[in-house]
Amino acid sequence: MISMNNNYHIFNGWIVNEHQVFKGGLVIRNGLIETVYHGDRSLDDKDLIALDAGHKWILPGVIDDHVHFREPGLTHKGDIASESRAAVAGGITSFMDMPNTLPPTLTQAQLEEKFQLATQKSLANYSFYLGASNSNLDEVLKTDPRRVCGIKIFLGSSTGNMMLDDLQTLRTIFARSPVLIAVHCEDEWTIQKNEAICREVYGEDPPASVHPKIRNHEVCLLSSSFAVRLAREYNTRLHILHLSTAEEAELLDDSSPLEQKRITGEVCVHHLWFSEADYARLGNRIKWNPAVKTESDRIALFEALLQDQIDIVATDHAPHTLEEKNRNYFNSPSGAPFVQHALVAMLEFYHQGKISLEKIVQKMCHNPAILYRIEKRGFICEGYWADVVLVNPDDPWTVDPSNLLYKCGWSPMEGQQFHARITHTFVNGYLVHERGQIYDSMNGQRLTFKR
Ligand SMILES: [Zn+2]
């Protein structure tokens with residue numbers, strides 16, 4: 001169904017929005033949500049394409065604050081065009097991309113080049129983080145908070161080696177950053193120490209199951225508690241990425257409304273889905289930084305999400321080729337693709353009775369919009385951009401290489417059956433995805449922020 005007209009009347013659905021699920025419909029006109037209504041309504045308007053939702057769920061598009069789309073420089077793993085297609089097929093209509101590309105994004109000019117690439121290639125809406133290093137303080141301080149999602153700091157090495165370990169620079173950035181600081185927290189010195197011990201025991205070819213022993217609880221807690229201390233000292237707007245341990249969740253405040261929090265936290269779908277037992281089956285395919293840890297960590301993270309200590313769910317989508325992942329442990333890069341499967345994985349938890357639909361929408365759609373103060377997105381709300389997803393709750397399908405849209409062509413979720421299927425994705429009122437088919441006639445927009 002391709003049309004020049006992008007005005008729609010979507011009716012007969014179950015709208016999930018702002019802690020409610022209700023029978024209703026909506027009108028999309030000129031890219032915006034014009035009307036949201038309860039119940040049934042017949043509209044005699046020739047300007048509108050009538051779309052019967054057939055009792056499907058109607059959700060706001062997911063906002064993923066943590067992806068690595070690998071462009072520029074690492075495009076053999078993925079690129080903005082390929083990965084944004086996978087994202088919209090997975091119900092993600094906006095993404096924020098990390099700076100550890102080649103070259104890394106360390107200047108305002110490099111940052112604007114990425115925005116230019118996305119303008120030409122991205123099917124979803126986008127923003128990009130500026131990286132902070134030991135030597136680009138001037139560039140960090142020039143960041144426009146209304147047009148850039150945040151600053152990213154790696155407090156431990158991962159893909160790209162953009163570590164910031166000069167304490168004075170770090171203090172200055174925490175004190176003066178004009179925009180939210182997102183941190184990757186793992187203590188480098190402890191990682192090195194654990195790696196040396198591991199080499200003594202296993203030599204150069206250990207099993208992937210050593211990963212949570214090298215990048216263990218201590219590695220995470222040392223670094224994230226340091227970041228929290230520093231943020232409290234300077235009243236920094238700090239966002240801790242990919243929490244992976246029970247102890248770290250305890251660092252976060254569950255009593256304040258999200259709008260007032262100065263320190264917020266993210267959990268990634270893979271840390272809610274996998275645990276230590278899965279290394280035997282999946283090996284380096286589930287090698288992530290921070291590592292997937294114990295079953296009790298997994299359960300505690302889920303609980304912290306439900307209790308609002310953890311504010312949002314993201315993907316940390318980080319594709320590598322299968323050839324790269326199949327190298328031995330020390331040479332296999334960390335990260336895996338996830339944008340196509342994050343929402344359906346969370347909906348599978350709903351199917352298992354572990355989380356409500358309203359909570360999933362809060363953590364994946366509303367809260368990223370609130371946390372980053374994104375303008376006019378993240379809700380099914382009149383006057384907002386029409387980023388909308390239709391989901392059939394019960395249309396089982398299985399993840400298989402033939403239905404993957406990732407450029408790298410593999411997924412740690414292969415073989416998994418999901419009950420829910422994303423049937424339609426609208427970005428700014430344009431239908432960009434319908435049942436696995438991608439329509440790429442219209443690109444996404446740059447996110448803007450009310451700051
Ligand atoms: Zn990441």
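**Exercise 1. The nonpolar core**

How many residues does the largest nonpolar core have, and which residues have the most contacts inside it?

*Solution.* Begin with the ground rules: this is a predicted model, in which local features need pLDDT of at least 70 and side-chain atom pairs count only at pLDDT 80 or more, while totals for chains, interfaces and linings use all residues. Residues are numbered from 1 along each chain as its sequence is written.

Next, fix the terms. A residue is buried if 20 or more other C-beta atoms lie within 10 Å of its own, exposed if 12 or fewer, and partly exposed in between, with C-beta atoms placed from the backbone. A nonpolar core is a set of buried Ala, Val, Leu, Ile, Met, Phe, Trp, Tyr and Cys residues joined through C-beta atoms within 7 Å.

By that reckoning, the largest nonpolar core has 122 residues, and those with the most contacts inside it are Ile 58, Ile 181, Val 183, Val 269, Leu 301 and Met 346. Helix α14 (residues 357–372) gives the most to this core, contributing seven residues; helices (H or I, at least four residues) and strands (E, at least two) are DSSP runs numbered from the N terminus.

Finally, take Ile 58 as a case. Two residues are in contact if their C-beta atoms, placed from the backbone, lie within 7 Å, and once neighbours within four places in sequence are left aside, the contacts of Ile 58 include Trp 14, Val 16, Ile 380 and Leu 390.

**Exercise 2. The chain as a whole**

Work out how the overall dimensions of the protein chain relate to its length.

*Solution.* First, the secondary structure of the protein chain comes to 14 helices and 20 strands. Its radius of gyration is 21 Å, close to the 22 Å that the globule rule gives for 451 residues, so the chain is as compact as a globular protein of that length; this radius is taken over C-alpha atoms, and the rule is 2.2 Å times the number of residues to the power 0.38. Along the principal axes, the C-alpha atoms fill a box of roughly 75 × 45 × 40 Å.

Then consider the interior: buried residues make up 51% of the 451 residues, and of the contacts with a separation of 6 or more, 75% are between residues 24 or more positions apart.

**Exercise 3. Two open sheets**

What is the strand order of the open sheet of six strands, and which strands stand at its edges?

*Solution.* The order is β9-β10-β11-β12-β13-β14, with parallel pairing, where two strands pair if DSSP finds at least two bridges between them. The edge strands β9 (130–131) and β14 each pair on one side only.

Now move to β13 (residues 263–268). Three bridges join strand β12 (residues 238–240) to β13, with His 239 opposite Thr 264 and Ile 240 partnered by Gly 265. On to β14 (residues 312–314), which β13 also meets in the parallel sense over three bridges, and where Glu 266 stands opposite Ile 312. Five of the six residues of β13 are buried, so this strand is largely enclosed by the rest of the structure.

For contrast, an open sheet of three strands has the order β6-β7-β8, with parallel pairing. Its edges are β6 (62–67) and β8 (125–128), each with a single partner strand, so one side of each is left without a neighbour in the sheet.

**Exercise 4. Helix α7 and its packing**

Check the length of helix α7 (residues 217–234) and locate what it packs against.

*Solution.* The expected span of a helix is 1.5 Å times one less than its number of residues; the 18 residues of α7 should therefore span 26 Å, and its end C-alpha atoms are indeed 26 Å apart.

Among the buried residues of α7 are Val 219, Leu 221, Ala 227 and Leu 230. The helix's buried residues pack against α4 (167–176), β11 (181–184), α5 (188–202), β12, α8 (246–249) and β13. As for direction, α7 lies across β11, β12 and β13 and runs at about 170 degrees to β12, the axes being lines fitted to C-alpha atoms, for helices over the stretch in contact, with angles from 0 to 180 degrees between N-to-C directions.

**Exercise 5. Two aromatic side chains**

Is His 270 buried or exposed?

*Solution.* His 270 lies in helix α9 (residues 269–273) and, with 25 C-beta neighbours inside 10 Å, counts as buried. Beyond four places in sequence, its contacts are Ile 286, Trp 288, Val 292 and Phe 338. Phe 115, in helix α2 (residues 108–121), is partly exposed, with 15 other C-beta atoms within 10 Å, and Phe 115 touches Phe 128 and Arg 446, not counting residues up to four places away.
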